[in-house]
Amino acid sequence: MRILLTILICNLVLGAAMALYLAVIWRKCKSPIAEHGWSPECADPICGNMWMLCFVPIIGILYYLVAGETVGILAATDKASVDGIVSIKYGPLAFSYDEDHKLD
């Protein structure tokens with residue numbers, strides 16, 4: 001029982017730290033993202049379910065890595081220079097951000 005409680009507490013602390021980091025980095029990078037031509041409303045990593053995602057062990061860490069790196073790249077890259085698409089790769093996993101592409 002003690003091991004499960006330790007795992008739960010570590011998961012809660014790690015999830016809270018990841019959520020806090022994403023909130024802080026978003027606050028810092030929001031205006032540079034807008035200055036580089038990206039839409040802050042589309043690039044916002046603090047979505048309604050972000051708080052739950054950060055507390056799911058594997059998915060939360062993956063969301064944290066992808067969202068944090070995407071915000072950093074968007075804050076430093078002009079939208080026109082990359083044709084509006086940013087790609088991030090972690091080994092065999094690849095993620096792309098394209099705010100102009102609409103799903104039908």
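A polar contact is a pair of N or O atoms within 3.5 Å, where, inside a protein, one atom must be able to donate a hydrogen and the other to accept it. I keep this in mind while reading what follows, which comes from a predicted model.

Entry on Glu99. I looked up where Glu99 sits, and I found it in the segment after strand 2, which covers 93–98. Is Glu99 buried or exposed? I noted a relative accessible area of 9% for Glu99, and because buried means under 20%, I count this residue as buried. I then turned to its polar partners: a polar atom of the Glu99 side chain lies 3.1 Å from the backbone nitrogen of Ser39, and the side chains of Glu99 and Tyr97 are joined by a polar contact of 2.8 Å. Leaving out residues up to four places away in sequence, I listed the residues that Glu99 touches, among them Gly37, Trp38, Cys42 and Lys79.

Entry on the cysteines. Since Cys42 had come up beside Glu99, I checked its exposure and wrote down 42% relative accessibility, which makes Cys42 partly exposed. I did likewise for Cys10, which counts as partly exposed at 46%. How many disulfides are there? With a disulfide taken as a pair of cysteine sulfur atoms within 2.5 Å, I arrived at a count of zero.

Entry on a surface patch. I looked up Leu8 in helix 1, residues 2–35, and recorded it as partly exposed, with a relative accessible area of 46%. Leu8 belongs to a nonpolar patch on the surface together with Leu5, Ile9, Leu12 and Val13, and I noted about 470 Å² of accessible area for the patch.

Technical notes:
Residues numbered from 1 in each chain as written. Predicted model: local features only at pLDDT ≥ 70, side-chain atom pairs only at ≥ 80, totals over all residues. Heavy atoms only, no water. Helix = DSSP H or I, 4+ residues; strand = E, 2+ residues; numbered from the N terminus. Buried < 20%, exposed > 50% of the residue type's maximum accessible area, 1.4 Å probe, protein only. Contact = heavy atoms within 4.5 Å. Patch = residues over 30% accessible without salt bridge, like charges linked within 9 Å, V, L, I, M, F, W, Y side chains within 5 Å. Areas by Shrake-Rupley, 256 points an atom, 1.4 Å probe, with all protein chains shown as cover. Salt bridge = Lys/Arg side-chain N within 4 Å of Asp/Glu carboxyl O.
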